[in-house]
Structure formats: C-alpha cells, structure tokens
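Work through the exercises below with the sequence and the model side by side. Try each task before reading its solution.

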Amino acid sequence: MENRRFILICAFGVLLFLIFQAWQSDQARQAPAQVAQSERIPPDADLPEAAAPGRDDASAMDDTPQPARPARADVGDSPAVENDAGFVNVETDVVRARIALKGGDLRQLLLLDYPESEANPRPLPILDDRRDTWSIVQSGVLAPQGNPATQRSLYRSEQEQVALADGEDSVTVSLRTTSEAGVTVIKRYTFHRGRYVVDLSHEVINDSASAIDASAFTQLWRNDHTLGDQPPFAPTFTGYGFYEARNGGEKFGFEKIDFKDVRDSPMQADQRGGWLAMMQHYFIVAALPPQDGQLSFTAKPSSRFGYLGQIVGEARTIAPGASETFHMELFAGPKLQKRLDDVAPGFDLTIDYGILTPLSAPLFWVLDLLHSVLGNWGWAIVVLTLLVKMAMYKLSEAQFRSFGKMRHFGPRIQELRERYGDDRQKLNQAMMDLYKKEGFNPLGGCLPMLVQFPVFIALYWVLLESVELRQAPFIGWITNLSTPDPYYVLPILFGISMFLQQKLSGQMATMEPMQQRIMMAMPIMLTAFFTLFPAGLVLYWFVSNLVSIAQQWYINRKLDREGLGRTVKR
C-alpha cells in the first residue's frame with residue numbers, strides 16, 4: 001500500500017506538470033497563418049481601406065489616433081513606409097536602426113548583441129517592416145487645425161548615416177516637416193551608448209495665423225509573428241503589456257493582453273501615467289510617455305494590417321509664434337532583469353514567472369550571482385543544485401532513512417502480504433502496526449521529492465523566461481542551455497542516474513511484481529520526457545540525482561553501523 005502511494009504521488013506530480021503545460025498552451029496566443037511573403041511593404045500596399053469614422057465594429061475600427069480633445073484630426077491611417085525620399089540609418093554599440101523620412105517611422109531596429117538564432121547569426125530584428133515580421137513604431141503630432149505631423153507627413157533630414165563615435169555617449173537624428181498651414185514639427189530621436197532606451201521628442205513651432213490644439217501620439221504596430229528561436233513545446237506570450245493607473249493614479253497594475261483577447265475585446269483606457277508595450281519572448285518594445293500627463297490608451301486589431309497599440313497625450317494650446325515640445329521615451333530591447341527597474345515604473349513586471357515568481361525570482365538572483373563568479377551559466381546551475389541539495393539535506397536524510405528501513409523490514413512486509421493475501425484491510429492494519437512499532441513512516445520518503453518539485457518547476461520558468469540564459473553555452477555539445485540537448489546525452493545520463501538511484505535505495509525489494517515493473521519503466525519514461533526539456537533543466541536534475549546517490553550511499557553506511565542496513569529474516 002505504501003509503495004502504491006509513493007508511485008501515485010510521483011505520477012501525480014508529473015501529471016500536474018503536464019496539466020499545467022497544457023493549460024499554458026491553451027492560454028498562449030493562437031496565431032493565424034502568417035503571410036508567406038517577406039518583402040517590405042511598399043507605400044499604400046494592398047492593405048484594406050479603413051472603415052468610416054464612427055463604426056463600432058472592432059474588426060473595422062479606424063486606425064487614426066484620437067486626440068485627447070474632442071476635435072478629430074483628419075490624418076492618414078495607413079502604416080506609412082519609406083518612399084523615394086529615403087531614410088536615415090543609425091548605429092550605436094548595441095543597436096542598428098532605420099528611420100523612414102515618410103512619417104518619421106522607426107521602421108527597423110536590430111539588436112547587435114543578440115543573434116536571431118543559432119542557425120542564423122544575423123542581429124535579431126526587434127523592429128522590422130517586412131510583411132512576415134511586421135513590427136514598427138510610428139509617432140507624430142495631431143492638431144485639427146493643420147495636421148502638422150501625421151503618418152503620411154514627409155520629413156527632411158540632412159543626415160543619412162549616423163553612427164556613435166568613440167567617446168560619444170549619444171547621437172541624435174533630427175527630422176523636420178512643415179504643414180501647409182505653417183506649423184513646423186522637428187522630430188528628434190536620441191540613441192544612447194549601451195542602452196536600449198531611445199529619447200523621442202516633437203518640437204511644434206506654430207508659425208500659422210491662429211492658435212492650434214496639439215497632442216502627441218505613438219503607435220506600436222505589429223503582427224503576431226514570433227521573434228527569434230523559440231523553445232520547443234513551451235508556450236510563450238506574444239501580445240501587449242499595459243501598465244495601468246488605479247485609484248486616481250495612486251496605485252498601478254500590470255496587465256498582459258494576448259492577441260486573441262485583443263481581437264475579441266479591444267482595450268481602451270484613459271488615465272494619468274502608465275505605458276504600453278509590445279511583448280514577446282525575451283524581448284519588448286514599449287512606449288513610455290511622461291507619467292504626469294493625461295493619456296489615452298488603445299490596443300485593437302488594425303483595420304489595415306496586424307495589431308495596433310496606441311497612446312495619445314493630452315492636447316496643448318500653442319499660440320501663433322509660440323512653440324511646445326512633447327517628450328517621451330521608447331524602449332526596444334531584451335528584458336535584462338538588472339536593468340528593467342531603471343526603465344520605467346513597473347517595467348520589471350514584464351518578467352513573468354507565473355505563480356512561482358516568489359521562488360523563481362530568488363533562484364534567478366542566486367543563478368546570476370553564481371554566473372558573475374563562475375562566468376558560465378551551466379556551472380552556475382551545477383552549483384545552484386548543490387546549494388539546493390545542501391538546504392534539503394535533512395529532508396533527504398529522512399527520505400533515505402525511510403528507504404533503508406523499508407529495505408530492512410522488506411522480508412517481514414512480504415510475510416504480511418503472504419499471510420493476509422487479498423484481505424487489504426487486515427494487511428494495511430498489520431503494516432501500520434509494524435510502522436508504529438519500529439518507528440518509521442514510509443511516506444516520509446516522498447516529502448523531499450514533493451518539496452523539490454516546485455524548485456524544478458520554478459527553475460523551468462527561469463530558463464524559459466530569462467533572456468540572460470538565451471543561447472547560453474555550457475560545455476562541448478551543449479551550446480544552448482535554454483533548448484533541449486541536441487544529442488540527448490543529458491537525458492540519457494539522467495535516466496541512468498535514476499536507475500542507479502533506485503537500485504541503491506533498495507525500495508523495489510519491498511514492492512509487488514507489478515509495482516517493480518512500473519518503477520523499472522519510470523527512468524525510461526522520464527528520459528523520453530526530458531528530451532523535450534531545456535538542457536539546463538535536465539542538467540539540474542541529473543546533478544541532483546548524482547548528489548542523491550552520494551547521499552544515499554553515505555546514509556546506507558550509517559544505517560549499516562546502526563544495524564539497519566541489512567534485511568531482517570522472516
């Protein structure tokens with residue numbers, strides 16, 4: 001009976017993990033088929049026309065930004081692209097960007113330190129204007145009296161190639177456009193050394209004959225493609241992240257909105273402060289407006305292409321001859337956990353370890369500390385495993401003592417089975433009397449495994465969510481700890497170690513033949529199961545098994561000295 005409980009508890013733990021994985025997969029986005037073409041979208045391509053203003057159908061909503069004031073700006077709503085007027089190329093030590101002169105859009109941004117995949121070492125495009133990887137940032141100024149800087153505005157720039165020189169901390173790209181009404185807008189992008197934050201400003205100079213009401217807008221366009229290499233059989237989130245104000249701005253909360261929810265129920269919110277982001281596995285693009293202004297947020301399926309996240313600030317009145325400057329920041333880069341707190345309030349919430357965050361976050365902190373000392377994430381995982389096993393030694397000792405006593409009294413347990421046959425009630429009562437008399441609990445061996453299982457799941461989410469471990473090598477053939485072992489060496493070693501651990505514990509000696517066959521099959525089943533897991537996770541469990549084997553051997557020696565290491569005769 002006690003062995004059945006042990007098997008059921010182990011099977012229940014694995015089943016819980018599988019159910020959790022299935023639930024995560026069900027909650028993950030359900031991406032429609034992507035367009036096969038990879039060409040860049042030309043001006044006014046075959047995108048469907050926007051619906052007329054005022055329609056309530058979410059699938060046909062107008063993509064025109066709405067100013068915070070009642071008046072509406074009559075601006076084009078298509079995702080403008082660079083035309084013959086050209087674009088400006090920018091390069092720093094960490095990014096390479098392209099800015100279109102039509103609309104002043106940020107059309108492409110490559111992360112120089114992050115290869116697209118192991119097979120394709122080109123810099124990863126976190127922003128790109130190709131149809132199959134559509135993701136761009138648009139911005140401008142709305143004013144009902146002249147539409148000074150919309151998505152269709154044509155900017156001028158004296159710069160074509162801008163690069164961060166040695167000794168410089170930042171570079172600025174300046175774009176200028178003037179409307180027919182005489183309103184000039186100077187758009188400035190400032191890129192910084194070693195940072196993924198881009199300062200964006202719009203200086204509005206009103207040289208017209210009348211006052212204008214102007215408000216700045218930012219649009220985050222994208223389709224639902226996945227970015228870079230993805231872990232197999234693991235759900236990852238792709239959608240919008242919204243940092244919302246609550247209770248009049250005194251408290252804030254973070255909400256993730258996947259594309260399925262955006263299609264079903266577009267998001268609209270008006271509040272003071274907050275920010276909006278396009279989120280994907282490991283990486284994020286965010287619009288970070290000033291936190292002291294009134295803002296209007298929208299996330300919806302675009303009536304033209306993909307999805308549209310949008311922020312519109314409150315309007316300011318600019319008198320003739322006066323000027324106003326609208327500031328904001330853009331973030332386009334990896335979710336490096338040490339830097340997120342410095343980007344914006346609540347930006348650290350974009351790292352999502354799920355319900356095990358209280359356990360995953362400290363695990364990553366320890367891993368990161370070990371990595372800073374060892375310089376290798378694989379060895380950091382090995383040392384972390386040793387620390388976890390040391391912390392759980394007392395529980396492990398109880399487990400292995402329980403196994404030892406079960407082996408010690410195995411013949412007497414077998415005698416009870418033969419004596420009572422199929423009378424389960426009397427057999428269970430006799431075994432309980434034996435446990436009470438000899439002072440041991442067979443279920444005591446299950447507790448360490450149940451305690452260690454949440455650590456296993458928490459580390460799984462650390463490996464899945466932390467960009468720091470993306471494509472991190474260990475030794476030899478293991479070139480990426482965040483993906484499965486390509487040659488299945490670690491899973492096979494894990495299976496062998498589990499088999500040796502079973503033999504050393506002697507727990508199968510007290511089992512019935514059917515139970516023994518099940519336990520013998522478990523290393524094979526779990527080996528197959530672990531071929532789907534990240535190599536770093538299998539490394540953790542394999543090292544844990546090796547430590548457990550050493551602990552079991554040591555405790556068996558102690559039991560021998562106590563006279564409990566040998567089986568008693570019937």
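**Exercise 1: a glutamine in a helix**

Gln501 lies in helix α9, which runs over residues 489–505. Helices here are DSSP runs of H or I with at least four residues, numbered from the N terminus, and strands are runs of E with at least two. The model is predicted: local features need pLDDT of at least 70, side-chain atom pairs count only at pLDDT 80 or more, and totals for chains, interfaces and linings use all residues. Residues are numbered from 1 along each chain as its sequence is written, and side-chain values use heavy atoms, with hydrogens and water left out.

Task: decide whether Gln501 is buried or exposed, and list its contacts outside its neighbours within four places in sequence.

Solution.
1. Buried means under 20% relative accessible area, exposed over 50%, and partly exposed in between (1.4 Å probe, protein chains only).
2. Gln501 has a relative accessible area of 17%, so Gln501 is buried.
3. Contact means heavy atoms within 4.5 Å.
4. With neighbours within four places left aside, Gln501 is in contact with Phe400, Asn545, Ser548 and Ile549.

**Exercise 2: the length and sides of α3**

Task: check the span of helix α3 (residues 357–374), then say which residues of α3 are buried.

Solution.
1. The expected span is 1.5 Å times one less than the number of residues.
2. For the 18 residues of α3 this gives 26 Å, and the end C-alpha atoms are 25 Å apart, which agrees.
3. The buried residues of α3 are Ser360, Leu363, Phe364, Leu367, Asp368 and Leu370.
4. These residues cover an arc of only 165° around the axis, so they are on the same side of α3. The arc is that of the directions from the helix axis to the C-beta atoms.
5. On the face turned away from the buried side, α3 carries the exposed residues Pro358, Trp365, Ser372 and Val373.
6. Just after α3, Gly375 takes a positive phi of about 75°.

**Exercise 3: a tryptophan and its partners**

Task: describe the surroundings of Trp377 in helix α4 (residues 377–391).

Solution.
1. Trp377 counts as buried because its relative accessibility is 7%.
2. Beyond its neighbours within four places in sequence, Trp377 has contacts that include Phe364, Leu367, Asp368 and Glu468.
3. Glu468 is 91 residues from Trp377 along the chain, yet their C-alpha atoms are separated by 9.0 Å.
4. The backbone oxygen of Glu468 lies 3.3 Å from a polar atom of the Trp377 side chain.

Methods
A polar contact is a pair of N or O atoms within 3.5 Å; within protein, one must be able to donate a hydrogen and the other to accept it, and residues adjacent in sequence count only if both atoms are side-chain atoms.
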